[in-house]
Amino acid sequence: MKLFIDSANVREIKEIWSMGILAGVTTNPTLIAKEGVNIEKRLQEILSVTEGIPVNGEAMGREAAELVAHGKKLAAIDQRIVIKVPMTAEGLKAIREMKAEGIRTNATLIFTATQCLAAARAGASYISPFLGRLEDNSRSYISLLEECRQIWQSHGLTTEIIAASIRRRSQVAEAAARGCHIATIPYPVLLNMLLDPLTEAGIKRFEEDWAALGSV
Ligand code: G3P
C-alpha cells in the first residue's frame with residue numbers, strides 16, 4: 001500500500017517527502033482554508049517541493065459543468081494534478097468528461113460500496129472511502145473495505161482505492177491488510193506510525209553500552 005499525506009501544509013509535506021515514503025498528496029477545501037491560501041498557488045508550491053507524485057486538488061461546484069470548469073483550471077497547472085470530485089450523480093458526469101480529456105480524478109466523500117463501484121465505472125482513477133467519518137457516525141469501515149476488496153477482485157477493477165479520513169495508525173494497518181492501494185494520512189498520524197517504545201528503548205540501550213565501552 002502506498003502512503004499519501006492528507007495535508008496542504010508545505011512544511012509537513014516536505015518533511016515526509018524527505019523520508020522517501022511519500023507517494024502522493026491529497027488536499028481538500030477544509031485543509032486549504034486552514035492554510036488561508038489560494039488553492040492554485042498552494043498546489044504549485046506542493047508540486048515544487050515534490051517530484052513525480054500525484055497532487056490532489058478538489059474541484060468545487062454542484063453541477064457537472066462547474067466541476068469540470070474548475071477541474072480543468074486546476075489540472076492545467078501540471079500533469080501531476082489529480083482532481084478530487086464529490087461522489088454525486090453530477091460528480092460522475094464530471095469524472096467521465098474529465099477522463100475523456102485525459103484528466104485523472106479522485107472520487108471523494110465515499111461511504112458505501114455501491115458509491116465505490118459507480119465511481120470506478122465512471123472512470124475515476126482513484127476513489128476515497130472516508131474511514132474516520134464512517135466511524136464517527138457509528139458505521140463500520142471494515143465491512144466497507146472487505147466488500148470493496150471482494151468487488152475489486154471479482155470484477156478486475158483498476159481504479160485505486162485510497163483509504164481516507166484516517167484518524168489513527170491502526171487504521172493504516174487495517175486498510176493495508178484489506179488490500180487498499182493507498183492510504184492518505186494526516187501528518188501527526190504519519191509521524192506516530194513510525195514510533196514504538198521498544199525502538200526508543202533499544203536505541204537508548206545501544207547508546208549506553210557504546211558509551212560504557214569508552215575509547216577501547
Ligand atoms: O481529505 C479527505 C479526508 O481525508 C478528510 O478527512 O479527517 O476531515 O474526515 P477528515
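**Entry 1: the whole chain**

I began with the surface of the protein chain, which exposes about 11100 Å², with carbon and sulfur atoms supplying 53% of that area. I note at the outset that this is a predicted model. I then looked up the extent of the C-alpha trace, which spans about 75 × 40 × 30 Å along its principal axes. For secondary structure I recorded 11 helices and eight strands. Of the 216 residues in the protein chain, buried residues make up 46%. I also looked up contacts between residues at least 6 apart in sequence, and 58% of these join residues at least 24 apart.

**Entry 2: the nonpolar cores**

Next I asked which residues of the largest nonpolar core touch the most other members. This core has 61 residues, and the ones I sought are Ile 5, Val 25, Ile 83, Ile 127, Trp 152 and Ile 185. Helix H8, residues 141–155, gives the most to this core, with six residues. I followed Ile 127 further, leaving aside residues up to four places away in sequence; its contacts include Asn 106, Ile 110, Cys 116, Trp 152 and Ile 162. I also recorded a second, separate core of five residues, among them Phe 4, Tyr 126, Ile 162 and Ile 182.

**Entry 3: the cysteines**

Cys 116 appeared among the contacts of Ile 127, and I therefore turned to the cysteines, recalling that a disulfide is a covalent bond between the sulfur atoms of two cysteines. How many disulfides does the structure hold? I found zero. For Cys 116, the nearest cysteine sulfur is that of Cys 148, 3.4 Å away. Why is there no bond between Cys 148 and Cys 116? The separation of 3.4 Å between their sulfur atoms is too far for a bond, because a disulfide requires the two sulfur atoms to be within 2.5 Å. I checked burial as well: Cys 116 has a relative accessible area of 0% and is buried, and Cys 148, at 1%, also counts as buried.

**Entry 4: Asn 106**

I looked up Asn 106, another contact of Ile 127. Asn 106 lies in strand S5, residues 105–110. Is Asn 106 buried or exposed? It is buried, with a relative accessible area of 0%. Its side chain makes a polar contact with the side chain of Ser 128, at 2.8 Å. Setting aside residues up to four places away in sequence, I listed its contacts, including Thr 26, Asn 56, Lys 84, Tyr 126 and Ile 162. Lys 84 is 22 residues from Asn 106 along the chain, yet their C-alpha atoms are separated by 4.5 Å.

**Entry 5: the ligand**

Which residues are around the ligand? I recorded Asp 6, Asn 28, Lys 84, Phe 130, Arg 133, Ala 164, Ser 165 and Arg 167. I then looked up polar side-chain atoms and their distances to an oxygen atom of the ligand. For Asp 6 the distance is 2.6 Å, for Arg 133 it is 2.6 Å, and for Ser 165 it is 2.7 Å. On its own the ligand has 310 Å² of accessible area, of which the protein covers 83%.

**Entry 6: Asn 28**

Last, I examined Asn 28, one of the residues around the ligand. Where is Asn 28 placed? Asn 28 is in the loop between strand S2 (24–26) and helix H2 (29–35). With a relative accessible area of 14%, Asn 28 counts as buried, because the cut-off is under 20%. Its side chain reaches the backbone nitrogen of Leu 31 at 2.7 Å. Not counting residues up to four places away in sequence, Asn 28 touches Glu 58 and Lys 84.

Technical notes: Residues are numbered from 1 along each chain as its sequence is written. This is a predicted model: local features need pLDDT of at least 70, side-chain atom pairs count only at pLDDT 80 or more; totals for chains, interfaces and linings use all residues. Side-chain values use heavy atoms; hydrogens and water are left out. A nonpolar core is a set of buried Ala, Val, Leu, Ile, Met, Phe, Trp, Tyr and Cys residues joined through side-chain atoms within 4.5 Å. Buried means under 20% relative accessible area, exposed over 50%, partly exposed in between (1.4 Å probe, protein chains only). Helices (H or I, at least four residues) and strands (E, at least two) are DSSP runs, numbered from the N terminus. Contact means heavy atoms within 4.5 Å. A residue is near a molecule or strand if one of its heavy atoms lies within 4 Å of it. A polar contact is a pair of N or O atoms within 3.5 Å; within protein, one must be able to donate a hydrogen and the other to accept it, and residues adjacent in sequence count only if both atoms are side-chain atoms. Accessible areas come from the Shrake-Rupley method with a 1.4 Å probe; for residues, only the protein chains shown count as cover.
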